[in-house]
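Please open the structure in your viewer and keep the sequence beside it, so that each selection can be found in both. The tour goes from the whole chain to single residues.

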Amino acid sequence: RGGNSDNAGGPVLRASWAILVLSPDAIPPLAIATSNVTTAAEGTAINFNGAASDPGTGNPIYSWAFGNGQSLPGQNVAYAYPDNGNFNVVLTSTSVGGTSTDTFPVVITNVAPTANAGPAKIVNEGAATAFDVTVTDPGSADTFTYVWAWADGTANGAVKSPSHTFGDNGVRNVTVTVTDDDGGSGQSTVQ
């Protein structure tokens, strides 16, 4: 019956204390985050893996936060960043035993857009002709500006699908330049 504080509460306190210490859910999980790459182009799927995590003795729930406001549940997930930048990825593992997080950086690079102004056109002098450019860019969050060079001395167009009237006959190489919001650009020429 010595003088330690555990004995002061009698058998009930000693039993409760022993149950808390021996409870299997008292061991928290340990989140360990990895990925197949830490640098990738926007739009490229990255495999994020939490399989090396220690669940403790509970049954943790895993979630990933990608540093851009997006998240996914699961121990192992694939995610493609819609835009370039530097991001901190966080794996969170939560169970009855507690919460653990692991953070690591990823660098997502810009990919320039690809422009396609379509096939050659035969138009009548003095007739308005519709033009359009198809833009392909794996950065689904990118926005674009357009510059059409008409090769006839008139002002350039600045929209995706302009209309233009050629005042004189002849062969014209019309070029469109598409630039994304990160400065990447692609060009296409149509006659």
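What follows is a series of stops, each with something to select and a description of what is there.

**Before selecting anything**

This is a predicted model, in which local features need pLDDT of at least 70 and side-chain atom pairs count only at pLDDT 80 or more, while totals for chains, interfaces and linings use all residues. Residues are numbered from 1 along each chain as its sequence is written, and side-chain values use heavy atoms, with hydrogens and water left out.

**Stop 1: the whole chain**

Show the whole protein as a cartoon, and you will find two helices and 15 strands; helices (H or I, at least four residues) and strands (E, at least two) are DSSP runs, numbered from the N terminus. Of the 191 residues, 29% count as buried, where buried means under 20% relative accessible area, exposed means over 50%, and partly exposed lies in between (1.4 Å probe, protein chains only). If you switch on a surface, the protein exposes about 10700 Å², of which carbon and sulfur atoms supply 55%; such areas come from the Shrake-Rupley method with a 1.4 Å probe, and for residues only the protein chains shown count as cover.

Among contacts (heavy atoms within 4.5 Å) between residues at least 6 apart in sequence, 58% join residues at least 24 apart.

**Stop 2: colour by confidence**

Now colour by pLDDT, which is the predictor's confidence in each residue, from 0 to 100. The mean for the protein is 87, and 86% of its residues reach 70 or more. Confidence is lowest in helix H2 (residues 10-22), at a mean of 42, and highest in strand E5 (residues 71-73), at 98. Select residues 1-6 as well, where the pLDDT is below 50 and where the model has six contacts beyond near neighbours in sequence.

**Stop 3: the largest nonpolar core**

Which residues have the most contacts inside the largest nonpolar core? Select Phe48, Trp64, Phe66, Tyr81, Val89 and Val106, which have the most contacts within this core of 17 residues. A nonpolar core is a set of buried Ala, Val, Leu, Ile, Met, Phe, Trp, Tyr and Cys residues joined through side-chain atoms within 4.5 Å. At least two residues of this core come from each of strand E3 (45-49), strand E4 (61-65), strand E6 (76-80), strand E7 (85-95) and strand E8 (98-109). A second, separate core has twelve residues, including Phe131, Val133, Trp148 and Val176. In soluble globular proteins, nonpolar side chains tend to be buried together.

Centre the view on Val89 and, leaving out residues up to four places away in sequence, look for the residues that Val89 touches, among them Phe48, Trp64, Tyr81, Phe104 and Val106.

**Stop 4: Val176 and Ser188**

Move next to Val176, in strand E14 (residues 174-180), which is buried with a relative accessible area of 0%. Apart from residues up to four places away in sequence, Val176 touches Ala117, Val133, Val147, Trp148, Gly186, Gln187 and Ser188. Tyr146 is 30 residues from Val176 along the chain, yet their C-alpha atoms are separated by 6.8 Å.

From there, select Ser188, which is found in strand E15 (residues 185-190) and counts as buried at 10% relative accessibility. What does the side chain of Ser188 reach at 2.9 Å? The side chain of Ser188 reaches the backbone nitrogen of Ala117.

**Stop 5: the salt bridge**

The structure holds one salt bridge, meaning a side-chain nitrogen of Lys or Arg within 4 Å of a carboxyl oxygen of Asp or Glu. Show the side chains of Asp132 and Lys160, whose closest N and O atoms are 3.1 Å apart. Asp132 lies in the loop between strand E10 (128-130) and strand E11 (134-136) and Lys160 in the loop between strand E12 (144-149) and strand E13 (163-165), so the pair ties together parts that are 28 residues apart in sequence. Asp132 is partly exposed, at 34%, and Lys160 is also partly exposed, at 33%.

**Stop 6: two last selections**

Select Pro138, in the loop between E11 and E12, which touches Glu42, Gly43 and Val111 when residues up to four places away in sequence are not counted. Finish at Ser95 in strand E7, which counts as buried at 14% relative accessibility.

Methods. Polar contact = N/O pair within 3.5 Å; in protein donor to acceptor, adjacent residues only side chain to side chain.
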